[in-house]
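The following exercises concern a single protein model. Each task is followed by a solution in steps.

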Amino acid sequence: MATALSSIKDIEKLVAQAAVKAESRDFAGAFQLYVKATQSYIHISRTLSASTTGLSESDVTNLKARCKDSASKTLERATMIKKVLEGARTDVVREDGISAVTVPHVVRDRFSPEEQFAVIDGSSRINNTKFLLWTEPDEATFQAPLIFSDAGQPSLAQTQEAKSAQWKHPQEVLGTGGFCMTSPNLLVEDIIQGVVTDCSLVAGLQVCWDHHQKFGSKLALSSLYPQDDQGMPIISKNGKYCAKIWFNGANRMVMIDSKLPFDSSGSLVCASDQSGMTLWPSLLEKAYMKLMGGYDFPGSNSSIDLHSVIQWIPEYISFRSGSFRQEKTWHIIFHGFSIGQCLVTVGTGAELTQAIPHLNFVSFHNYAVTGMEENGASRRIKIVNPWKRQFLGTSSPDYAWVDWETVCIAFEGLYLNWDPGMFSNTEKFHGSWAKNEDSLSFSNYPLRLRPQWPSSMESVPREVWFLLTQHITSTHQPKQFITLSASQSSKDVDQKDVNQNAYSDSPSVLTKILVRPGDGPLILIASRDADRAENVLPLNGKFTVAVYSPIACQLEDPYLEFTYPKKIHGSFTTRNAGGNSTFRTFMNNPQYKLRILPPIGKVKPKDAFAIKILLEGSRQFPINIKVIWSDGQRVTVLRRGDIAADSGAYNYGTASIDSKLQVGKYTLVLSTFEPKQLLPYTLSILCETPIELEKIPCEGAGLFLKLIKGTWSGLSAAGNPAYGRFLDNPKHLIEVPRSTSIMCRLQLIQSFPRAAIALAIFEYNTDTEMGRRLADSGPYSEDVCGVTTTSTLVPGPASYIIVPSTFEANTEASYELFIYSSSCPVELGHLSR
């Protein structure tokens, strides 16, 4: 009672603070507090229960009614204030004459208990059945005399129906003394799969039993209730069993009865031991199949299944990956397996190699690993088949010892589960991907991780693990690809560097990052992308991010400090997808003028304000954002000293900047890694002070264009005037029908090898050809984007000569000359020589 009342008192304090802000005309602050109070009242009204608080049912009913009434009042006040804000003037002219929004955007606290509960509670309906959050059952739950019968039995698989399977209590078939829950004499090889296609789960149960026999861990066993004083499952007196299964970000209550599928001969047609007398494998399988929508299991892998059953961290290592290291992987898993920190299963793919044909392996199958041995150069693992298909040519038909080198050839990959107890700190966040606008297939969610290094800790890098798990509401939902990237904003980035964070259609993906002392916060991006062939996304896909760290760290919501948002949709097209800055077309990339405005009040000249920039695109292409000191002008040449902020290495699907910038004008440059990579994108910006964002027109926008292609070769590769043959360089005669402004750009078609080039425009003289010099591009330059003349007004009708040249003579290369004119197109003329 005291806990519930203290929570309500805390909310009442929020309401009082909101009232004070409203009286002082801080309507934006009051609105946020009233919204938070409303959410808190609703959260208590939904989650309050007699079992969790010790209150009587009548007290709980009264408190819920009180919270609902209070929520209505605070919501009414928030609505009234919102009308005041909407009716207020939102544009205030500052001293510098700039108009800017002064009413901030209201930001939800996604880390609040209410928001976190809403996500995991919203993921409770799985395969059209609601699975409540786990609460520890008491002894009365499993007491006789009434025998529990579950009305929602999991549907049977076709293979079970083919054997005329019927639901029966074990005592109906085996008699009251013919079965037990566990047996100390049970062998790993005795646990068998049966006719259901859930080898991944059964192989997982095998390695859990093996671990329990070696370390007394009760893995998987401790997930089944009722239990004795030692935490081991026991026979229920009323036939009711509860399984604690981690799914969609929380432990779920999966309730089943004792009925199991038996065929007409009285044999179990589900996971069991060979004698059919030990029940725990059958009951755990039944609970998991109920959660997954029935015994017609679509297939999984052991690491994913075990993550649900025992909450150990899943990891997949592909033997076919270019990053696979045979020696390093052996040492890591051998050490973890030997000390009981790692469970191992192996899996085959669609095609089987002929490395060990005599062992009779099958495709798309999981096998348990119950032994690993190392003797000098000899290394081997013990493989157990849950499907009870004999290993031919071995000393035992139940298992086979296979050397490590052969395992790496014959199997597709390793499925591992790591003990989360290896890490002293764990953080979890539950979030929702919003359905993207304009039917885009991608959606991303940024988080921030702040490491907290104690002064006493040795200053060496530490590995932090990040697990992204998508919430599944139907085992038959459209395929989604997910990934979790972790990076830091940097100004010093190799332009050829691409993060190889691969998307996966697995329910979970694991990312490992080395964190070094002195490192700033990490930017985490949880990303999903639909299969473009299906192009279907749930309205609000949910996910959980778990952080496992040897040091203290804090997950933060990067949105909280940002109250001024901007969002723009665009596309990389054939005209503006210019690639990274090593390409001459980099200057064509989409660019935006970003103006950071001062907040109301006094601002010191060097004050910097927090800003977050997120670029989202398709998972197929790596992308990047750069913020350039360029006074909001289009950037053609990228120099390191001009970069104010950078999203780091090119990243597939997302790029993010989390930085602080001073008041001023900047240019945002968005780019794909290679030119001509075409995709739609979304650019989102959040800032703690008002901002303006405006797209910068591409070079030559609204002007007439004449494109000339040419080469320096032989005598025409005459070099600069110092060589004495400048007039032998290529000369292009242009004819202007009337007065116009002209601007020209010269680019090498091949970026390498580099050559310094320049451009000059002369009046045309009918006698000497070359008249007065009107404009030039300045000193010779090797800039990859080429050189350009300033916009120059020329009279017309008249003719002019444009001369491109290289600094060094005898430099043979091809070039493109872009001629932009304002009031009329120019025509090419013909020189007599």
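**Exercise 1.** Does Cys408 count as buried or exposed?

*Solution.* The model is predicted: local features need pLDDT of at least 70, side-chain atom pairs count only at pLDDT 80 or more, and totals for chains, interfaces and linings use all residues. Residues are numbered from 1 along each chain as its sequence is written, and side-chain values use heavy atoms, with hydrogens and water left out. Buried means under 20% relative accessible area, exposed over 50%, and partly exposed in between (1.4 Å probe, protein chains only). Cys408 has a relative accessibility of 7%, so Cys408 counts as buried. Cys180, by contrast, has a relative accessible area of 25% and is therefore partly exposed. With a disulfide defined as a pair of cysteine sulfur atoms within 2.5 Å, the count is zero.

**Exercise 2.** Determine whether the length of helix 9 agrees with its expected span.

*Solution.* Helices (H or I, at least four residues) and strands (E, at least two) are DSSP runs, numbered from the N terminus. The expected span is 1.5 Å times one less than the number of residues. For the twelve residues of helix 9 this gives 16 Å, and the end C-alpha atoms lie 17 Å apart, which agrees. Twelve of its twelve residues are buried, including Glu285 and Lys286. Just after the helix, Gly293 takes a positive phi of about 95°.

**Exercise 3.** Identify the residues that touch the most other members of the largest nonpolar core.

*Solution.* A nonpolar core is a set of buried Ala, Val, Leu, Ile, Met, Phe, Trp, Tyr and Cys residues joined through side-chain atoms within 4.5 Å. The largest has 54 residues, and Leu224, Trp280, Leu283, Ile310 and Leu343 touch the most other members. Among the elements giving two or more residues to this core are helix 8 (199–215), strand 8 (240–247) and helix 9 (280–291). A second, separate core of 34 residues includes Ile317, Met372, Trp404 and Val407.

Contact means heavy atoms within 4.5 Å. Leaving aside neighbours within four places in sequence, Leu283 is in contact with residues including Met181, Leu224 and Leu260.

**Exercise 4.** Which side chain of opposite charge is nearest to Lys259?

*Solution.* Lys259 is in the loop between strand 9 and strand 10. Lys and Arg count as positive and Asp and Glu as negative; His and the chain ends are not counted. A salt bridge is a side-chain nitrogen of Lys or Arg within 4 Å of a carboxyl oxygen of Asp or Glu. The nearest side chain of opposite charge is Asp257, 4.8 Å away, and the buried Lys259 has no salt bridge.
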